[in-house]
Amino acid sequence: MEGDAIWAASGVHVIKYLRGKEVVRVTNPLGTSLNSILIFGNLLLALTEDGGWMLVWDVSRDEPSFSCTIQFDIGFTTTMVLHPATYLNKVLVASSEGDLQLWNLRTQTCIHKISSSKLLVTQGLTIATSSIAALVQSPAIDVVGIGFTSGEISVYDIRADERLMRMYMDGGAIRGMSFRSDGHQVLASVSSHGHLALWDLNSAGRLLHLIRGAHDGAVSAVQWVPGQPLLITSGEDNSVKQWLFDSPTAAPRLLKFRSGHHAPPHLIRYYGEDGKQLLTASADRSLRYTSVVRDSRSFEMSQGSLVKKAATLSKSLSSLKFPSITSIAHSTMRSKDWDDVLTAHTDEPFVRTWTVLNKRLGKHTWSYTDGAKRKSVSGFVKCVCVSACGNFGIAGSSTGEIHMWNMQSGLKRKTFKVGPCPQAVMERLSAASKTKTSERCITGLATDALNRLVIASTLDGTINFFDFHTTKLECTVVLPASAHSLILHRNSGLLAAACEDAIVRIVDIETRRIVRELSSRSQTRILDIAFSPDARWIVLTSLDSIIRTFDIPTGGLIDAFRTPSIATSIAFSPTNDFLATAHVDSVGVFLWANRAQFTEVTLQTVSERDVTEVSMPSMQADIEDDALEALTGLQIEDKVVDVFSTPPQLDGDLVTLTLLPRSRWQTLLNLDVIQQRNQPIEPLKKPEQAPFFLPTLPGVEHRFAIEEKKEEKGEKKTRLDKTMANSKSILQTKLANIAKHGNSAGDELFDCIKSLSPAATDIELRSLVTLDHLRQFILALKQRLQSHKDFEAVQTLQNVFLRMHGDILLDNEELLSEMENLLNIQEKESERVLELVASSLGTLGFVRDTT
C-alpha cells in the first residue's frame with residue numbers, strides 16, 4: 001500500500017489502484033511474470049517468478065520510470081523481499097534455499113549473507129522443506145521473523161547475526177506471520193492446513209493457543225491491527241475473519257467475518273419475490289444465502305456443529321459436509337411457519353429440508369425408499385420441488401419414483417408412478433437402452449399454482465401430467481429427445497424443457513401441447529434455463545459460453561452474447577431488473593442489468609452471427625463517482641434503423657377511432673345532466689358590508705336608520721362581451737376553410753375539436769347560430785364519415801349537434817336535403833361497421849376453438 005493507493009502484481013504488470021480504479025501500470029521489460037512487490041520510499045521493487053531478478057522503478061512522478069535491475073547468483077532463488085526498519089537504502093531478500101541476503105539498492109551490491117544453517121535447527125532438509133515462506137519485521141529494530149515451509153519459525157537478529165528463538169508449528173507450511181504491536185509480545189502464525197498459532201515471545205516462544213481449522217483451507221495472510229487486540233486473517237476458502245483477544249492470555253474469539261463459496265457455484269436460484277437474495281450451491285458442499293444488496297446479510301446455511309467435530313476428528317470442515325447439491329426448490333409462502341427449502345444431493349437417496357429464517361438445516365431428512373429396502377438402494381434423488389402453497393415437498397429419483405411429503409410434519413402423503421415406457425419412446429430408443437426402460441430417471445418436477453397438477457420429465461423424453469390429489473397419470477407428452485431439466489412459469493402456465501438435442505421445448509400445461517421450439521445453430525448442450533417474470537422471454541446458457549434470450553410470442557432470438565467463461569447456472573430476478581449468472585472459473589455471482597427495465601429498447605431479431613463478445617461485470621469501489629463504469633451500458637441509446645411508426649390510418653377500408661379515452665365523449669353526451677347535477681342549490685351572495693357610522697332615528701329610544709338596498713335592474717355589457725359578439729370562434733374559422741380545402745381542412749377541424757375539453761366543445765357547438773355555420777358543420781360530418789376516421793367522435797358530435805339545433809334544422813327547408821344526405825351516409829357507414837365487427841368476432845372465435 002502507498003497511502004490510499006494499492007499496488008498489485010498481475011502477470012508481467014504491476015498495477016496501481018486508487019479507490020478501485022487503475023491509475024498507473026508498469027510492465028516488466030524482461031517479459032516474465034512477477035512474484036513479489038515492495039514499495040520502498042519512492043521506489044517500487046519487484047521479484048520475477050523465476051527468482052533470478054529484482055526490478056526497480058522510480059514512482060515518485062506521475063509516470064513511473066524504470067530504474068535498474070539486480071541479478072542474483074545461481075543457487076539463490078528469491079521468494080520475497082523486506083525492508084528492515086531504519087535500514088537506509090537496504091532490503092532483505094529471502095530465497096527458496098533458506099538463505100537471506102542484505103542488499104544496498106544505491107550501490108546495487110550484496111553487503112551481507114545469512115545461510116540457512118544459522119536459521120534452521122534441523123539440518124539436511126531438502127529445498128522444498130527449507131524454503132522461506134514468510135518474512136516479517138518485528139516491533140524491535142533489527143529483529144525479523146522468518147517462516148519456513150517445514151513449519152519452523154525463527155526470530156532472528158540480523159545486526160547481531162544470531163537466532164533469538166525458534167518455534168515449530170505442526171500442521172503444514174508457514175504461510176504468514178505478524179507481530180502484535182499493542183504492547184504484548186505475541187507472534188501470530190498461520191499454516192497451509194488452515195491453523196492459527198499464537199506464540200508468547202516473553203516466554204521464549206511458548207505456544208499460547210492453537211486454533212485448528214481457523215479456515216477451511218490454507219491461510220493466505222495474517223495481520224494485527226496496529227495498537228489494537230484485533231487479528232485479521234484471510235484464507236483460500238474465500239473468507240476474511242477478525243479475531244478479538246479479550247485478555248493477553250485468553251484464546252481469541254471470532255468477532256466478524258465475511259465469506260463466500262471457495263469453489264465456483266454451479267446452481268443459483270432467486271429466493272423470494274423482491275429479487276434481493278439468492279440461494280447458491282457450490283462444489284464446496286455448502287448452501288449459501290447471498291444478498292445482492294448488502295454482503296453483510298449473506299450467510300452460509302448451517303449443517304450443524306461441524307467445526308467442533310472437525311477439530312476433534314482432525315479432519316477438514318468440507319469433508320464432513322453433505323455432498324454437493326444438485327437441485328434446489330423453495331417456497332416463501334409458509335417460510336415463517338416451517339422449513340421452506342428442499343435440496344437433493346449428489347449420489348444420495350435423501351431429501352433435506354432447510355429453514356432460511358433460522359439459517360440452518362431443517363427438521364426433516366427424507367428417503368425415497370422404504371425402511372425395509374434401504375439396504376438395497378439402487379438409485380438417487382435427482383430433483384425436488386416445493387408446491388406453491390409451501391405445504392408439500394416432492395422428490396423424484398433416478399429409478400422413476402416420485403414421493404410427496406408434508407413440509408410441516410414430515411409425513412409421506414402420496415406416491416406418483418410414471419408407469420412403463422410409452423411405445424413411441426420404445427421405438428425411438430436404441431436396443432441398448434431398452435433394457436433400462438424399467439428404471440425411468442426423473443429429471444425435473446413442477447407443480448402448478450393451484451395444486452392441480454404434478455408434472456415430471458423423464459430422461460427417456462416424456463413429460464407426465466399427474467393429478468395432484470388422486471395421483472392418477474392424466475397425460476403423457478412424448479418429446480423428440482431426452483429432457484434433462486424442467487422449469488415451470490406458474491403464472492402463465494408455460495413449461496420449458498431443455499432437451500439433449502439442444503432445443504428448448506415450451507409446453508402449455510392447459511392444452512398439453514408443444515407451442516414453441518427454441519434452438520440455436522451451435523447444437524451444444526443447454527446447461528440452464530430461466531423465464532422472465534412476465535414469461536415473455538426465456539434465457540438459456542449452453543456449453544458454447546453464449547447466453548441467449550428468446551422472445552416467446554415470436555420465437556425469435558432477440559439477444560445473444562458470449563462470456564469469457566461458461567455460465568453453469570442462471571436466474572432471472574423476480575423484479576425483472578437483473579440476470580444472475582454463475583461461471584465455471586469464478587466463485588462469485590455476476591449480475592447483468594436488464595436494459596429494457598431502465599430505458600426504452602427496441603427489440604429486434606438477431607442471428608447467431610451477431611453474437612457479441614462481452615467482458616464480465618466488475619466490482620466498482622468508488623460509489624460516489626459520477627461516471628460509474630458498471631452502468632455505462634444503461635446510458636447507451638439504441639440507434640435503430642427503419643423504426644416503424646404507426647400511420648394515422650392503416651387502411652382506407654378500416655374504421656379508425658380516436659386515441660382519446662371513452663370518458664371524453666361520454667361527458668360531452670351527458671354534459672347537460674352533469675351541469676344540472678353540479679349546479680348549486682342557491683346562487684352565491686356577496687356578504688353585505690356594514691357602514692362604519694350607523695345613522696340613528698330621532699326619538700327617545702335608540703333606533704338605527706337602515707337603508708334598504710335598491711336592486712339594480714338591467715345588465716351591464718363589458719368590452720369583452722362586445723368583442724365576443726363581433727368576433728368569430730375558432731370552430732367557425734375552421735368550418736369556413738372546409739369548402740375551400742376539403743379533407744385537409746377537415747383534419748385540422750377535428751384535431752382542434754379533440755384538443756378541446758367537453759365543456760369547450762359544447763360552447764363551440766352552441767355558437768353555430770347562422771344557417772351557413774350549420775350547413776358547413778353538416779358538410780364536415782359527412783366528409784369525416786366518408787374518410788372512415790374518428791368514428792366515435794363523429795357519432796358523439798352528431799348526437800349533440802342534433803339536440804341543440806334540431807328545431808332550427810326542421811324549420812329551414814334549404815337544410816333538409818343536406819340532412820337526408822347525412823342520414824344516407826350514416827346508415828351506410830353503420831352497416832359497414834357492424835359487418836366488420838361481426839367478421840372480427842367470428843375470426844376470433846374460430847382461432848380460440850382451434851387452439
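Where does helix 15 bend, and by about how many degrees? In this predicted model, the bend lies at H805 and amounts to about 70°. Helix 15 covers residues 791-811. Its 21 residues should span 30 Å at 1.5 Å a residue. The end C-alpha atoms are 28 Å apart, which agrees with that expectation.

Helix 14 was examined in the same way. This helix runs over residues 771-787 and holds 17 residues. The expected span is 24 Å, and the end C-alpha atoms lie 25 Å apart, so the two values agree. The buried residues of helix 14 are H773, L774, F777, I778, A780, L781, K782, Q783, R784 and L785. Charged side chains are listed there beside aliphatic ones, with K782 and R784 among the buried residues. An α-helix has 3.6 residues a turn, so residues three or four places apart point the same way. H788 follows helix 14 and has a positive phi, near 65°.

Helix packing comes next. Helix 13, residues 758-766, has contacts with two of the helices considered here. Its axis and that of helix 15 come within 10 Å and cross at roughly 45°. An angle between 35 and 65 degrees counts as oblique, and helix 13 and helix 15 are therefore oblique to each other. Helix 13 passes helix 15 in a right-handed crossing. Helix 7, residues 662-669, packs on helix 13 at an angle of about 45°, with the axes 9 Å apart. That angle makes helix 7 oblique to helix 13. The crossing of helix 7 and helix 13 is right-handed.

The loop between helix 7 and helix 8 (671-678) contains N670. N670 has a relative accessible area of 36%, so this residue is partly exposed. In sequence, N670 and V800 are 130 residues apart. In space, their C-alpha atoms are 9.1 Å apart. V800 falls within the range of helix 15, residues 791-811.

Cysteines were also considered. The count of disulfides comes to zero. C441 is in no disulfide, and the nearest cysteine sulfur, that of C383, is 7.6 Å away. A disulfide would need the two sulfur atoms within 2.5 Å. C441 has a relative accessible area of 14% and is therefore buried, since the cut-off for burial is under 20%. C752 also counts as buried, at 14% relative accessibility.

Terms used: Residues numbered from 1 in each chain as written. Predicted model: local features only at pLDDT ≥ 70, side-chain atom pairs only at ≥ 80, totals over all residues. Heavy atoms only, no water. Helix = DSSP H or I, 4+ residues; strand = E, 2+ residues; numbered from the N terminus. Expected span 1.5 Å × (residues − 1). Bend = angle between axes of the 7 residues up to and from the residue. Buried < 20%, exposed > 50% of the residue type's maximum accessible area, 1.4 Å probe, protein only. Axes fitted to C-alpha atoms, helices over the stretch in contact; angles between N-to-C directions. Parallel < 35°, antiparallel > 145°, perpendicular 65-115°, else oblique. Left-handed = near helix turned anticlockwise from the far one by under 90°.
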